[in-house]
Amino acid sequence: MPLVDEVLAGKRLALARLLSLIENDAPEGWAALDALYPRTGQAHLIGVTGAPGVGKSSLVNQIARALRRPQDGEPPRTVAIVAVDPTSPFSGGALLGDRVRMRDLSGDPGVFIRSMASRGALGGLAPTTAAVVQALDAAGFEVILIETVGAGQAEVEIARLAHTTIVVESPGGGDDIQAIKAGLLEIADLLVINKADRPGADLTERALRSMLELGYPHGHHRPEAWAVAEPPPGETWVPPILRTVATEGKGIAEVVQALHAHAAYLRATSRWHAREQARLKDILDHMLQAALLARWQASLPQGHYQEVVQRLLRRELSPHQALEALLNLSPFPSAETPRLIP
Amino acid sequence: MDQRKIRVLIAKPGLDGHDRGAKIVARALRDAGMEVIYTGLRQTPEMIAEAALQEDVDVVGLSILSGAHMTLVPRVLELLRANGQEHVLVFVGGIIPEEDVPALLAMGVKAVYGPGTPTQTIVEDIRRAVLEAQGSVA
């Protein structure tokens, strides 16, 4: 396949074209990815998430710079960046502005930046982000930084895509009750307080630290559903809390050090393998859900769905009854109906 | 399944610091359902061509108010071609003297927009041009 060969030969235009084909759900894109898949699994996938405006893009920019020009004797790494911004639910359009903060990286052939619109997906990523990351991995980028949309409390999907997740906070972001709520903070492998030169950084650090102290006497706090085995005692990774001023490059060396340390920890404790397994299973599950849903929708008689919605509106059916009515019409026998709707 | 969206890079080459026009156009294109990559102020032609390549855009919109368009635009076009992106449609907006417009169009610019152009005109022109370009490829 010429496209695959060109991508493997490092042709950047071919790579850019492939990413578009994948984003557009084009069959050539999937075929190329099928051929490239055996070459994936090399890159360190790093997620960067946090609320809008905390400085995710600036931090990504600085981390990439530090990885390209290491001061500490580490070899320079090639870096790909996938930056996701939200698609408007009204127009379907998007304004992708993350590159504005990444201008320092331009002109470096060891860096490839791609902006993605979320295209209707919730959870902070786009429907094809995982596939785009695979393509970049196969193309040979050693580190892939994945920046989510500005995330609130529930956009935790990045933790299932990345090996290492950085949660970025900034001073003034709420009290210690916010910090012990479920969600974003639970997925952090690194906690970064950006804009740490601003007032309130101490308070933020104290809140995060008290959250960690509550969570860590009992070991790691990742939900069991992610199939990540509990590490043996003494091998627990406690997320470091790091302070940065990304616009000035302060604290970045420590962040990069922690990223390398986390990768080393994952490999030394065989958790890298466990995460890979959880990650790939999750990617498969997502695709399966989408494909089953599409197949089932295609199998419905014309207008039937709309009719059920109307009956729902008239209060003739409850949502639960509507579900039964829809699934009974599908080609699956009702007794063992697969649960299509999570 | 056809999931194609028109991807547009909006860039400000050169040294002037006025990006209001570029932002208005970016916003209008977003509202028209396009995916707009906005790169910010003071971009060199090299930075613009590199971003256009990595983002695999259909369209590059250049906003220039500095008067340097006769230097900057040909350089961007040249770099796009050198990168194998001769199919990318280039539009120019800003303060462009009437007498320079024919030369820009002759270089390969699709259209030049002055102050006061309704955003709807730009949206429609881009849609039409992208459709035509896709038709000629298929």
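Two strands count as paired when DSSP finds at least two bridges between them. Keep that in mind as we walk through this predicted model, starting where the two chains join up. Strand β3 of chain A, residues 94-96, runs parallel to β2(B), and three bridges link them. At one spot along this pairing, A:A94 sits opposite B:E35 in β2(B).

Now step back and look at the whole contact between the chains. On one side there are 27 residues of chain B, and they touch 26 residues of chain A. Chain B's side draws two or more residues from each of α1 (20-31), β2 (35-38) and α2 (45-55). The biggest contributor is α2(B), with seven residues. As for chemistry, chain B's side is a mix of 11 nonpolar, seven polar and nine charged residues.

That helix, α2(B), deserves a closer look. It's mostly covered, with 10 of its 11 residues buried. Among the buried ones are B:M47, B:I48, B:A51 and B:L53, but also B:E50 and B:E55. What do they pack against? From chain A, the partners are α2 (12-23) and β4 (111-117), while chain B itself supplies β1 (7-11), β2, β3 (59-64) and α3 (69-82). Just after the helix comes B:D56, with a positive phi near 50 degrees.

Finally, let's head for the largest nonpolar core, which has 124 residues. The members touching the most others come from both chains: A:A135, A:I144, A:L145 and A:I146, plus B:V36 and B:V60. Take A:I144 as an example. Beyond its close sequence neighbours, within four places, A:I144 contacts A:A43, A:L45, A:I46, A:A80, A:V82, A:V133, A:L136 and A:D137.

Notes. Residues are numbered from 1 along each chain as its sequence is written. Chains are lettered from A and ligands numbered from 1 in the order in which they are written. This is a predicted model: local features need pLDDT of at least 70, side-chain atom pairs count only at pLDDT 80 or more; totals for chains, interfaces and linings use all residues. A nonpolar core is a set of buried Ala, Val, Leu, Ile, Met, Phe, Trp, Tyr and Cys residues joined through C-beta atoms within 7 Å. A residue is buried if 20 or more other C-beta atoms lie within 10 Å of its own, exposed if 12 or fewer, and partly exposed in between; C-beta atoms are placed from the backbone. Two residues are in contact if their C-beta atoms, placed from the backbone, lie within 7 Å. Helices (H or I, at least four residues) and strands (E, at least two) are DSSP runs, numbered from the N terminus. Ala, Val, Leu, Ile, Met, Phe, Trp, Tyr, Cys and Pro count as nonpolar, Asp, Glu, Lys and Arg as charged, and the others, Gly among them, as polar.
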